[in-house]
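Me: I would like a close look at one part of this model, the open space at its surface, and then at how the helices elsewhere in the chain pack. Please keep the account careful and connected.

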Amino acid sequence: MWLWWAIARSASADPATAGADAEAGEYNRLSEEIERLASKNAWAGVERTFLQLLDTGIEPSFDDWIRGADAARAQGDLASAHARLVAANALREDRTVLESLWDIDSRYGRVSLSCDPDSYILLEPERTAMDPDLLRSIEFASARIHDGCRFEGFLPVGTYRLLDERVEVEPRSPVTVVDLRGMEIDRRTRRDLRRRWSAGSG
């Protein structure tokens, strides 16, 4: 009798419910993995696992959003960190979250930088940042320009160079847009840029 009931229950189970249960199980597994990795300061792993958690389609918890923000900030991705902090604050207003948002809004500014791929243009700060957080965010943006000639996100307040274009970054200001796509670069300048770009690959 019990076997017959179990077979009948299995046959009549709602596929949508079974799928939701599987997604919830995967979400819980990933959430626990995020905590385990965060306890080891393995932020690259936290970021990778957090993105997998987002793919489950289940809304992250407050703690998951915080861990995601910590992971993004550890890699210098302040735009993702800011967005995740905002999402966490929407779930629960928290003083630490508000202080982190204030810190980003006060020490960074939004930029949109573009150039042609294979133009060998680099993003260069006029001053070297000493603060590790600031330095990581500059390195993150510079890598995006180096690899794909495109960056949208946050840079520390200050002055930068994109080829000969001066990029002024100020806090709480409209997005600073510099678009060098289509710019003609003479052969000698391109040769010098390529040499410096190749040095930046190492």
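How much space lies in the largest pocket, and what surrounds it?

Reply: This is a predicted model, in which local features need pLDDT of at least 70 and side-chain atom pairs count only at pLDDT 80 or more, while totals for chains, interfaces and linings use all residues. Residues are numbered from 1 along each chain as its sequence is written, and side-chain values use heavy atoms, with hydrogens and water left out.

The largest pocket holds about 180 Å³ of space (a pocket being an open set of points on a 1 Å grid where a 1.4 Å probe fits, with protein on both sides within 12 Å along at least five of seven lines; the volume is that of probe spheres set on the points). Its lining, counted as residues with an atom within 4 Å of a point, consists of P125, E126, R127, A129, L134, I138, P156, V157, G158, T159 and Y160. Two elements, α7 (132-148) and β4 (158-162), each supply at least two of these lining residues, and β4 gives the most, with three; helices here are DSSP runs of H or I with at least four residues, and strands are E runs with at least two. By class, seven lining residues are nonpolar, two polar and two charged, where Gly counts as polar and Pro and Tyr as nonpolar.

Turning to the helices, the axes of α4 and α5 (residues 78-91) come within 8 Å and cross at roughly 165°, with axes fitted to C-alpha atoms over the stretch in contact and angles running from 0 to 180 degrees. The two helices are therefore roughly antiparallel, a term for angles over 145 degrees. On the α4 side, F62, W65, I66, G68, A69, A72 and R73 meet L78, S80, A81, R84, L85, A87, A88 and L91 of α5, contact meaning heavy atoms within 4.5 Å. This set divides into eleven nonpolar, two polar and two charged residues.

The other face of the discussion is α6 (residues 95-107), which packs with α4 (residues 62-74) at an angle of about 30°, with the axes 12 Å apart. α4 and α6 are therefore roughly parallel, the word used for angles under 35 degrees. Here F62, I66 and R73 of α4 make the contact with V97, S100, D103, I104 and R107 of α6, and these residues comprise four nonpolar, one polar and three charged.

Finally, the axes of α5 and α6 come within 10 Å and cross at roughly 150°, and the pair is therefore roughly antiparallel. In this contact L78, H82, L85, V86 and N89 of α5 meet V97, L98, S100, L101, I104 and D105 of α6, giving seven nonpolar, three polar and one charged residues.

Notes. Parallel < 35°, antiparallel > 145°, perpendicular 65-115°, else oblique.
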